[in-house]
Number of protein chains: 2
Amino acid sequence: MLTIGTLAKKTGTKVQTIRYYEQIGLLPEPGRSAGGQRRYGDSELDRLSFVRHARQLGFSLDAIRELLDLSDHPEKSCAEADAIARRQLKQVEQRMARLEALRTELQRMVHECSGGHTADCRVLEVLRDHSECLTDHDEIGA
Amino acid sequence: MLTIGTLAKKTGTKVQTIRYYEQIGLLPEPGRSAGGQRRYGDSELDRLSFVRHARQLGFSLDAIRELLDLSDHPEKSCAEADAIARRQLKQVEQRMARLEALRTELQRMVHECSGGHTADCRVLEVLRDHSECLTDHDEIGA
DNA sequence: TTTACACCCTCTAGCCACTGTAGGTTCAAG
DNA sequence: CTTGAACCTACAGTGGCTAGAGGGTGTAAA
């Protein structure tokens with residue numbers, strides 16, 4: 001039986017995060033010691049590892065919920081899990097494309113800055129005059 | 001004189017976002033009509049455009065605050081603006097590298113999934129068994 | 001057995017950068 | 001003068017945690 005701290009160490013998760021996952025129903029309520037402290041077994045360890053790994057791959061907690069549910073029902077079709085992963089892959093690719101554009105623009109700004117006063121700063125100038133910009137308008141958060 | 005809605009349209013910003021920027025001190029309090037509605041001039045338009053453009057390049061609001069401050073003081077050295085931009089570029093590059101790894105891993109998962117039941121689903125299997133994973137442990141949010 | 005101390009508990013608030021809603025007021029056109 | 005779109009304030013909610021206050025538990029040594 002593991003304490004929450006041990007589980008945290010084993011999975012590279014913060015203690016608070018584990019409690020948070022429990023709170024939002026991503027992890028089941030574990031057993032407790034006589035004094036009311038959480039005690040975990042191997043199944044919880046596996047489940048949390050699954051969650052963390054999926055998080056590392058950028059899946060949202062909602063997507064992970066679906067994946068866990070699929071994982072709990074071995075007779076269900078694989079197609080859904082596949083679809084979730086494909087969706088995630090697509091998102092990652094979109095974000096990469098977006099970042100690629102940002103990188104180009106930032107490189108341009110930085111390379112052209114010759115280090116005088118801010119009055120002639122290329123960085124600020126580019127920010128001021130959007131028409132010089134190559135990136136598109138939408139998807140600020142992407 | 002522009003209403004907040006017109007300013008919003010011209011800059012591709014939501015009305016609430018403009019009010020939010022004002023609230024956190026990123027934009028100055030504008031003049032008001034007799035009835036108390038916000039009225040904007042060209043300087044506010046420029047400033048908001050600057051902010052939006054910087055946001056599109058992924059700068060944080062704090063970084064933008066610094067950039068605006070530098071832009072307001074033309075006699076200051078350009079070096080600081082340059083440093084902020086370089087920092088941002090570095091962040092973008094790090095995020096790209098991270099996404100690159102995610103993409104590889106996700107592609108592997110998806111390509112290997114042959115579409116049976118979840119019991120043998122490659123996607124879920126990879127998530128379950130972290131040892132098969134190529135991505136590193138840290139930086140979940142990157 | 002007591003005491004020290006690391007660890008655990010709940011509850012609440014905060015982070016970023018918005019976004020949405022409720023309930024009311026103002027403005028401009030017709 | 002009426003209509004209706006656009007405006008106002010104030011506050012709650014998003015995702016995915018993270019931090020802190022104020023207290024209780026578990027265990028090993030003195």
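## Exercises on a protein–DNA model

The area buried between chain A and chain B is about 5,100 Å², with carbon and sulfur atoms giving 70% of it, where buried area is the accessible area (1.4 Å probe) that two parts lose on being put together, summed over both. This is a predicted model, in which local features need pLDDT of at least 70 and side-chain atom pairs count only at pLDDT 80 or more, while totals for chains, interfaces and linings use all residues. Residues are numbered from 1 along each chain as its sequence is written, chains are lettered from A and ligands numbered from 1 in the order in which they are written, and side-chain values use heavy atoms, with hydrogens and water left out.

**Exercise 1.** Describe the interface of chain A and chain B, beginning with its polar contacts and salt bridges.

*Solution.* Begin with the contact (heavy atoms within 4.5 Å), which takes 56 residues from chain A and 56 residues from chain B. Next, search for salt bridges (a side-chain nitrogen of Lys or Arg within 4 Å of a carboxyl oxygen of Asp or Glu); the rule finds 0 across this interface. The rule does find 19 residue pairs in polar contact, both residues at pLDDT 80 or more; such a contact is a pair of N or O atoms within 3.5 Å, and within protein one must be able to donate a hydrogen and the other to accept it, residues adjacent in sequence counting only if both atoms are side-chain atoms. Then assign the chain A side to elements (DSSP runs numbered from the N terminus, helices being H or I with at least four residues and strands E with at least two): helices H3 (42–56), H4 (61–72), H5 (79–112) and H6 (122–128) of chain A each give two or more residues, and the largest share, 20 residues, comes from H5(A).

**Exercise 2.** Determine which residues come nearest to DNA strand C, and which atoms of the strand they meet.

*Solution.* Of the 21 residues around DNA strand C (a heavy atom within 4 Å), Gly5(A), Arg19(A), Arg38(A), Tyr21(B) and Ser33(B) come nearest. Sugar and phosphate account for 83% of the strand atoms that come within 4 Å of the protein. For individual phosphate oxygen distances, take a polar side-chain atom of Arg55(B) at 2.8 Å and a backbone N or O atom of Gly35(B) at 2.9 Å.

**Exercise 3.** Find the element that gives the most to the surface near DNA strand D.

*Solution.* The element is H2(A), with 4 residues. Among the polar side-chain atoms, one of Arg19(B) lies 2.4 Å from a phosphate oxygen of DNA strand D.
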